[in-house]
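Q: Please take a close look at one part of the structure shown below, and then set that part in its surroundings. I would like the cut-offs stated along the way, in one connected account.

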Amino acid sequence: MQKNVTLSAVRGEENYDAYNLSPDACAILISYSGENPNLLALNTILRTRNIPTIAITSIGENRLSQECTCFYRLQPVKNSTRKSATLPLIPPSSSY
């Protein structure tokens, strides 16, 4: 892809990174429940900066999937212990 990738490994560092992303960046936020308060706060920072966000969650309706730019909802694959993403990318305003 030849794109810069930033991973925040230290708690609190993600906010610093969010404030310092370039305007053409995109953020991917991953949360099982979609209700993680740190990620919701991070998403708010990114939205105020007009940075698009892609959320990956596995539980139906949740705040992160409603407040992000678009999201993937993970669902278990039948007859398998592995999990796979349900496609396509879903805008939060659609009913799914």
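What follows concerns the largest nonpolar core and the residues and side-chain pairs described with it.

A: The model is a predicted one, in which local features need pLDDT of at least 70 and side-chain atom pairs count only at pLDDT 80 or more, while totals for chains, interfaces and linings use all residues. Residues are numbered from 1 along each chain as its sequence is written, and side-chain values use heavy atoms, with hydrogens and water left out.

As a frame for the close look, the protein has 3 helices and 4 strands, where helices (H or I, at least four residues) and strands (E, at least two) are DSSP runs numbered from the N terminus. Read from the N terminus on, these elements follow the order α-β-α-β-α-β-β. Of the 96 residues in the protein, 30% are buried, a class that means under 20% relative accessible area, with exposed meaning over 50% and partly exposed the range in between (1.4 Å probe, protein chains only). The accessible surface comes to about 6800 Å², and 54% of this surface belongs to carbon and sulfur atoms; such areas come from the Shrake-Rupley method with a 1.4 Å probe, and for residues only the protein chains shown count as cover. If one takes the contacts (heavy atoms within 4.5 Å) between residues at least 6 apart in sequence, 46% of them join residues at least 24 apart.

The largest nonpolar core, a set of buried Ala, Val, Leu, Ile, Met, Phe, Trp, Tyr and Cys residues joined through side-chain atoms within 4.5 Å, has 14 residues in this model. Those with the most contacts inside this core are A18, L29, L39, L42, L46, A55 and L64. Two or more core residues come from each of the elements β1 (27-30) and α2 (37-48), and α2 contributes the most, with 5 residues. In soluble globular proteins, nonpolar side chains tend to be buried together.

A18 serves as one way into this core: this residue is found in helix α1 and, because its relative accessibility is 2%, A18 counts as buried. Beyond its neighbours within four places in sequence, A18 is in contact with L42, I45, L46 and R49. The C-alpha atoms of A18 and S8, 10 residues apart in sequence, lie 9.7 Å apart in space. In the segment before α1 (13-19) sits G12, which is partly exposed at 36% relative accessibility; the C-alpha atom of G12 is 8.6 Å from that of N38, although the two residues are 26 apart along the chain.

Two of the core residues named above, L39 and L64, also touch S31, a residue in the loop between β1 and α2. Since its relative accessibility is 7%, S31 counts as buried, and, leaving out residues up to four places away in sequence, S31 touches N36, I56, T57 and S58 as well. A polar atom of the S31 side chain lies 2.9 Å from the backbone nitrogen of G34.

Helix α2 takes part in a charged arrangement too, for R47 in α2 pairs with E67 in helix α3 (residues 63-67), so the pair ties together parts that are 20 residues apart in sequence. The side chains of R47 and E67 meet in a salt bridge at 3.5 Å, N to O, a salt bridge being a side-chain nitrogen of Lys or Arg within 4 Å of a carboxyl oxygen of Asp or Glu. E67 also meets R63 in a salt bridge, at 3.3 Å, N to O; R63 and E67 both lie in α3, 4 residues apart, about one turn of the helix. The whole structure holds 2 salt bridges, and R47, R63 and E67 are linked in a network of them. R47 is partly exposed, with 40% relative accessible area; R63, with 41%, is partly exposed, and E67, at 24% relative accessibility, is partly exposed as well.

Finally, the cysteines: a search of the whole structure finds 0 disulfides, a disulfide being a pair of cysteine sulfur atoms within 2.5 Å. For C26, the closest cysteine sulfur is that of C70, 6.9 Å away, which is too far for a bond. C70 is likewise in no disulfide, with the nearest cysteine sulfur, that of C68, 6.3 Å away. C26 counts as partly exposed at 46% relative accessibility, whereas C70, at 13%, counts as buried.

Methods. A polar contact is a pair of N or O atoms within 3.5 Å; within protein, one must be able to donate a hydrogen and the other to accept it, and residues adjacent in sequence count only if both atoms are side-chain atoms.
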